[in-house]
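Visitor: Could you take me slowly through one part of this protein and explain the terms as you go? I would like a close look at the largest nonpolar core.

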Amino acid sequence: MKSYISYCLLIVLSAMTMYSCSDDIEYVKPLPEMNIDLGTINEVYYFNDNLVIEPQITLGENAESTTHDFSFEWSLVGESNIEVISQENILNYTLDSIGTINLLLEVTDNNTSIIKSSINTIEVVMNGTTNQGWYVLKETLEGKTDIDGFYLIAKNPDYNIVERLLGESLEGAPVSFAFSDRYHYRGMDPFEWQYPAALMAFSKNGGVVFNIANQYDERVLAGLEDMFFLDPSQSEHTINSGLVCNNKVVISMDDGCYAMNSGNPAFFPAIEGDYTVETSFVSKGSYYPTFTYDSKNERFIAFVNDYSSQADTLVVFNDEYDSYYNNGLQISANNMNGQVIFMENTLHGSGWSADTYAYALFKENGIDNSLILYGLDYDNLVATTYGTYKVGNFSPINFMKQMDAATYPMLVDADEYTLNKSNNVLYFAKGNVVGSYNVDYDEYNESFITNIPADEQVTFIKHINTAYEATDVNFNGLIVATYNSTSDTYKVYRYNFNGLNSLTLQDEVLTGQGKAEKILYVSPSTYYWPSDLFLYN
């Protein structure tokens, strides 16, 4: 009996179930289709921009109500997590991270709570644009040139800026890298000048100027060929060295040197004369002479302009000597029988009375176990333009010291050099060690920095001071870049000065792929920053 009752109950339940299913098919209407329109989303957004999206939601013809009640959830989709960033219907999100983000929107119709719809992942590529932070000019594994940016208020580095802007890195190894706070540029309107803050990078076979601020639409302001509009074929020469300081740009190519002076967006034709420049330059801006070394004729030379923003002219120094400014020395700047392997500027004195000075390390022909350290009075014997002290009237050399390998072995054999920008101190690097030499007191130290790992080699050192205004990092010290050839990676160490004899390593080490060749710190344009460009570029 029990089995029979159970059988009957099963038949009844089965019938009820079949009737219920049949009832659903006949009387339940299809759920309305949801359509989401996000409008126009750009492929590229700038760092720190606000991304604003106002979606339009519509329901299909099966919707029963004309009053819609939706819930919204915006999320960033990462490799291992989903971060909800807003539950408002209109997204207003500050792009505070460099790179690619995946944006997800989920919409729920609250009238039919069982319905939930989501859109496909949207990729928003953000283009880092800030004029404050660290920039690394690097050589890639393929022997090309690119730039990495490390911005003060960005979460992630902005790697391979040139490749992203141009579609490929610059051809050839890195040569020169500098910042201009007011690059002269004519945009879409040929009659209107623009003055964006810009970075200029040169490789052996290429160049680019790009806007690092966000006040103009154009990002790439010029390629190398654009900088030679009088004769574009001149851009095909190999670049040896370059300088940007304040409103002047000078580059050395295998057919001569080219100057871009204030008010001109392109280089004049090559400076005329019999010379070859392979080393660096010293200058203070458009209306100051550019000081350098002629490797062909083994002499110091200067390029001078006449204050009219025209092409520079070559000046050779006379074998004459001033009893005061030459400090009693009579050393000719001509026929020097050797080559300059390093030259850089510093300051003598402080404040408005400070004089621009330069030191050069000179290697005599046929002598391998010593160098000569020359001191060069730029302000008093090079940059003067009137009367007795006109450019070229006197030899610029007013200091000389023989640096023998027996006494200064690491300095003579070093791979990298730089100067303290407010003291007469020379820094030098060999392998993973940095040494120092105080010129005034003849103090030699081969162990100034010794905490760099053994598998890293120093590729760049520079004294940089970043303290210009409140938003800048408080740094005044040595920048040391190293390279690990096994992993093809660089590191940038920042050592703050504690006086002249000790350093403090900052905790954060900047890292990236490739070999770092030059590093710049770029600050917001202020009254003080442009005036010091000649020191740190």
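Guide: **The largest nonpolar core**

The largest nonpolar core has 24 residues, and Phe291, Phe300, Met343 and Leu376 are the ones that touch the most other members. A nonpolar core here is a set of buried Ala, Val, Leu, Ile, Met, Phe, Trp, Tyr and Cys residues joined through side-chain atoms within 4.5 Å, where buried means under 20% relative accessible area, exposed over 50% and partly exposed in between, with a 1.4 Å probe and protein chains only. Two or more residues each come from β22 (290-294), β23 (299-304), β25 (338-348), β26 (355-364) and β27 (370-376), these strands being DSSP runs of E, at least two residues in length, numbered from the N terminus.

This is a predicted model, in which local features need pLDDT of at least 70 and side-chain atom pairs count only at pLDDT 80 or more, while totals for chains, interfaces and linings use all residues. Residues are numbered from 1 along each chain as its sequence is written, and side-chain values use heavy atoms, with hydrogens and water left out.

Leaving aside residues up to four places away in sequence, Phe291 touches Ser280, Phe281, Val282, Phe300, Ile301, Phe317, Met343, Leu376, Tyr378, Val382 and Pro396, a contact being heavy atoms within 4.5 Å. Apart from this core lies another one, of 21 residues, which includes Met200, Val209, Val249 and Ile251.

The loop between β24 (313-316) and β25 holds Asn335, which has a positive phi of about 45 degrees although it is not a glycine. Asn335 counts as exposed because its relative accessibility is 67%.

Methods:
Helix = DSSP H or I, 4+ residues; strand = E, 2+ residues; numbered from the N terminus.
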